[in-house]
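Here is a short report for a reader meeting this structure for the first time. Please look over the sequence and the model before reading on.

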Amino acid sequence: MWSDIIHKFSKYPAQQKVVSKILELGLNVGEDHKLYCNDVEVNISSLAKSIDADRRAVTSTINTILCDEQLTNIFKNIKTAGPLLSNIANQLELGVIEIEGESQKAGVLRDITRILAKENISIRQAYVSDPEIDDTPHVTIVTDKPLDGSIIPLLLELDTVSKVSLS
């Protein structure tokens, strides 16, 4: 799906970079030719600088999106999911499990949550990256308390899991 969208920009490498960043950040494109993080306007120059591109590349990407009905319907409806707590889990006395899995196999999240429930570990937040956007698909789970390493072997027994780390 995302590869088809990125392919629409194949003639314009700078626009591909812009679209990838828009998707990574969960930004949406307004009919007013502006970028938004939900309802907050995003400075086009700042976005361009973050990917080492020209402001015009961002503007032309927005125009390309708004000239294509399929792209418009997608990019005007993107919403961010909220804060990811994994980077501040230590300060909040929460646990974090980072898991790399097999993106082509179904049930990765189901298998992981089944084990956590059996071990009476509460999940505060779960984030699963999109394998079409992320080169290394992974699951980040924030738990209600820090965990010891005893959960690692249980998760590694799953055929859908290739790597586990705690922080």
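## Leu35 and the main core

Start with Leu35. Beyond its close sequence neighbours, up to four places away, Leu35 touches Ile22, Asn28, Val29, Val40, Glu41, Val42, Leu47, Val58 and Ile62. Leu35 also belongs to the largest nonpolar core, a set of 23 residues. Together with Val58 and Phe75, Leu35 ranks among the residues with the most contacts inside that core.

Several helices feed this core. Helix 1, helix 2 (13-25), helix 3 (44-50), helix 4 (55-66) and helix 5 (69-75) supply at least two residues each. Helix 4 gives the most, with five residues. There is also a second core, separate and made of 14 residues. Val108, Ile112, Leu116 and Val161 are included in it.

## The model and its confidence

This is a predicted model. Confidence averages a pLDDT of 91 over the protein chain. A score of at least 70 is reached by 98% of the residues.

The elements vary. Helix 1 (residues 2-7) has the lowest mean pLDDT, 78. Strand 1 (residues 28-29) has the highest, 98.

## Overall build

The protein chain contains seven helices and seven strands. Along the sequence they run α-α-β-β-β-α-α-α-β-α-β-β-α-β. The C-alpha trace spans about 50 × 35 × 25 Å along its principal axes.

Of the 167 residues, 36% are buried. The exposed surface of the chain comes to about 10,000 Å², and carbon and sulfur atoms supply 49% of that. Now take the contacts with a separation of 6 or more: residues 24 or more positions apart account for 64% of them.

## Thr160 and Asp111

Thr160 sits in the loop between helix 7 (151-156) and strand 7 (161-166). Is Thr160 buried or exposed? Thr160 counts as buried because its relative accessible area is 3%, under the 20% cut-off.

Leaving aside residues up to four places away, Thr160 touches Glu100, Gly101, Glu102, Lys105, Ala106, Val108 and Asp111. With Asp111 there is a side-chain polar contact of 3.4 Å. Asp111 has a second partner. Its side chain meets that of Arg110 in a salt bridge of 2.9 Å, N to O. The two ends of this bridge fall in separate classes: Asp111 is buried, with a relative accessible area of 10%, whereas Arg110 is partly exposed at 45%.

## Other salt bridges

How many salt bridges does the structure hold? There are six salt bridges. Side chains of opposite charge can pair when their charged atoms come close.

One of the bridges joins Lys163 and Glu100, with the closest N and O atoms 4.0 Å apart. Which parts of the chain does this pair link? Lys163 lies in strand 7 and Glu100 in strand 4 (residues 95-101). They are 63 residues apart, so the pair links distant parts of the chain. Lys163 is partly exposed, with a relative accessible area of 49%. Glu100 is partly exposed as well, at 27%. Glu100 is also one of the residues that Thr160 touches.

Another bridge brings together the side chains of Glu41 and Lys34 at 3.8 Å, N to O. Both ends are partly exposed: Glu41 has a relative accessible area of 45%, and Lys34 one of 33%. Glu41 returns us to the starting point, as one of the residues touched by Leu35.

Technical notes:
Residues numbered from 1 in each chain as written. Predicted model: local features only at pLDDT ≥ 70, side-chain atom pairs only at ≥ 80, totals over all residues. Heavy atoms only, no water. pLDDT = per-residue confidence, 0-100. Helix = DSSP H or I, 4+ residues; strand = E, 2+ residues; numbered from the N terminus. Buried < 20%, exposed > 50% of the residue type's maximum accessible area, 1.4 Å probe, protein only. Polar contact = N/O pair within 3.5 Å; in protein donor to acceptor, adjacent residues only side chain to side chain. Contact = heavy atoms within 4.5 Å. Core = buried A, V, L, I, M, F, W, Y, C linked by side-chain atoms within 4.5 Å. Areas by Shrake-Rupley, 256 points an atom, 1.4 Å probe, with all protein chains shown as cover.
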